[in-house]
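Student: Please show me the model, and then let us examine how its ligand is held and how its domains meet.

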Amino acid sequence: MLICKKNFNENPIIIGIESSCDDTGISVAKGRIILSNIVLSQKIHKKYGGVVPELAARHHEKNLPLAFKKAIKKAKINMNYIHAISFTLGPGLIGSLLVGTAFARSLSLGLGVPLLKINHIQAHLLVHFIKNSNMNNLYPKFPFLGLVISGGHTQIIEVNDYFQMKILGSSLDESVGNTFDKIAKMLGFYYPGGPMIELFAKGGDKKKFTFVKPLVKGLNFSFSGLISNISQYIKKELKKDSLFIKRNIHDLCASIQKIIAEILLEKVHKATLSTKIFRVVLSGGVSSNNEIRRTFTSFSKKYCCWRLFLPKKEYTTDNGAMIAIAGVIKYEKRLFDSDLDIKNYLPFSKFKKF
Ligand code: KG4
Ligand code: ZN
């Protein structure tokens with residue numbers, strides 16, 4: 001069945017295009033409901049131990065039309081009934097962003113519909129406003145504290161409205177996602193290593209190994225010290241026993257997850273006390289980690305003033321639905337972008353603030 005545009009002015013059909021890193025995501029939203037969410041992950045980076053920007057951009061070029069076709073087909077909509085195109089403006093890899101931007105602009109020009117520029121980090125948080133058609137919908141009320149934990153970012157953000165956000169703390173060096181990936185590489189896992197650490201942590205003793213927590217004042221994070229502490233420890237143990245990693249892989253992974261979860265919780269707890277905002281919202285790829293989810297959930301149960309919101313797992317790692325929902329909210333507020341000159345989208349400023 002095709003959905004007719006005329007009947008759905010209140011529930012616009014918006015395309016979300018995500019291409020900031022190595023995932024090509026295209027989603028179709030109808031109002032705040034997601035009709036399709038196609039993510040084509042690029043496996044090519046696995047063997048390099050991290051994302052190769054040039055390859056990422058080339059693969060987006062190939063994947064975007066494929067993902068678009070799939071998303072339209074799954075959503076069962078006619079292209080003529082699309083109301084607007086939302087796309088990730090940044091932050092992210094410049095080549096990848098350029099490919100996504102060019103694709104979004106072409107669609108917008110071809111279909112004669114407006115463009116909506118989306119900030120990737122804001123979009124991670126806005127997934128909490130996606131409507132689940134057959135579930136009770138509990139949305140976080142403003143203001144709330146957002147913890148964005150991904151490969152690119154580790155930030156505590158005060159969210160006062162959909163697009164009114166203030167960064168309270170960030171990582172001074174490595175993001176938490178990179179931390180997982182770098183440690184995973186030491187343990188012999190392919191990129192992205194975060195999910196592998198979680199997989200191998202199953203059945204492990206999380207109290208077996210203790211590592212040094214970073215001492216950073218305020219609400220900022222630092223993970224480089226933890227990475228070198230773990231690296232030095234592993235090297236030292238490998239000298240004594242060359243099979244140290246193999247023999248202890250489950251306990252190591254469980255202990256690493258535990259310390260990262262604790263570091264995150266301690267900072268967010270501090271942020272809730274200093275802002276007196278006790279609604280806490282997690283998002284980003286790392287928020288799919290179950291140890292982190294458990295740590296935050298059990299804390300929120302103990303401290304009844306806390307109200308915790310965890311994203312649906314399918315919306316944690318990079319995806320088009322997060323860009324589509326941010327687009328829908330921008331559309332509701334009529335925040336269109338009429339500027340179609342690509343040079344004005346560069347150089348994708350660093351997004352130190354929103
Ligand atoms: O949000 P995302 O897809 O991309 C960025 O915006 O950066 O996050 C990707 C990051 C990678 O570093 C990956 O290792 C990590 O999220 N990640 C995880 C898990 N799933 C993804 N880290 C720990 N546990 C997981 N289950
Ligand atoms: Zn992301």
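Tutor: A residue counts as near a molecule or strand if one of its heavy atoms lies within 4 Å of it. This is a predicted model, in which local features need pLDDT of at least 70 and side-chain atom pairs count only at pLDDT 80 or more, while totals for chains, interfaces and linings use all residues. Residues are numbered from 1 along each chain as its sequence is written, chains are lettered from A and ligands numbered from 1 in the order in which they are written, and side-chain values use heavy atoms, with hydrogens and water left out.

Student: Which residues come nearest to ligand 1?

Tutor: There are 20 residues around ligand 1. Those that come nearest are Gly-151, Gly-152, Asp-181, Glu-198 and Asp-318.

Student: Which residue places a polar side-chain atom 2.6 Å from a nitrogen atom of ligand 1?

Tutor: A polar contact is a pair of N or O atoms within 3.5 Å; within protein, one must be able to donate a hydrogen and the other to accept it, and residues adjacent in sequence count only if both atoms are side-chain atoms. Two backbone contacts reach oxygen atoms of ligand 1: a backbone N or O atom of Gly-151 at 2.8 Å, and a polar backbone atom of Asp-318 at 2.9 Å. The side-chain contact to a nitrogen atom, at 2.6 Å, comes from Glu-198.

Student: How much of the accessible area of ligand 1 does the protein cover?

Tutor: Accessible areas come from the Shrake-Rupley method with a 1.4 Å probe; for residues, only the protein chains shown count as cover. On its own, ligand 1 has 560 Å² of accessible area, and the protein covers 92%.

Student: Where does ligand 1 lie with respect to the domains, and why?

Tutor: The chain is divided into domain 1 (13-129 + 316-343) and domain 2 (144-311), with bounds from an automatic or database domain assignment. Both domains give residues to the shell, so ligand 1 lies between domain 1 and domain 2.

Student: Which three residues supply 32% of the area that domain 1 buries against domain 2?

Tutor: With contact meaning heavy atoms within 4.5 Å, 24 residues of domain 1 are in contact with 26 residues of domain 2. Buried area is the accessible area (1.4 Å probe) that two parts lose on being put together, summed over both. The two domains bury about 2000 Å² between them, 75% of it on carbon and sulfur atoms. The 32% share on the domain 1 side, more than any other three residues supply, belongs to Leu-125, His-128 and Thr-316.

Student: Which residue does a cis peptide bond with omega of about -10° join to Pro-192?

Tutor: Most residues other than glycine have a negative phi, and most peptide bonds are trans. One cis bond joins Gly-90 and Pro-91, with omega of about -5°. Pro-192 lies in the loop between α4 and α5, helices (H or I, at least four residues) and strands (E, at least two) being DSSP runs numbered from the N terminus. Its cis partner, with omega of about -10°, is Tyr-191.
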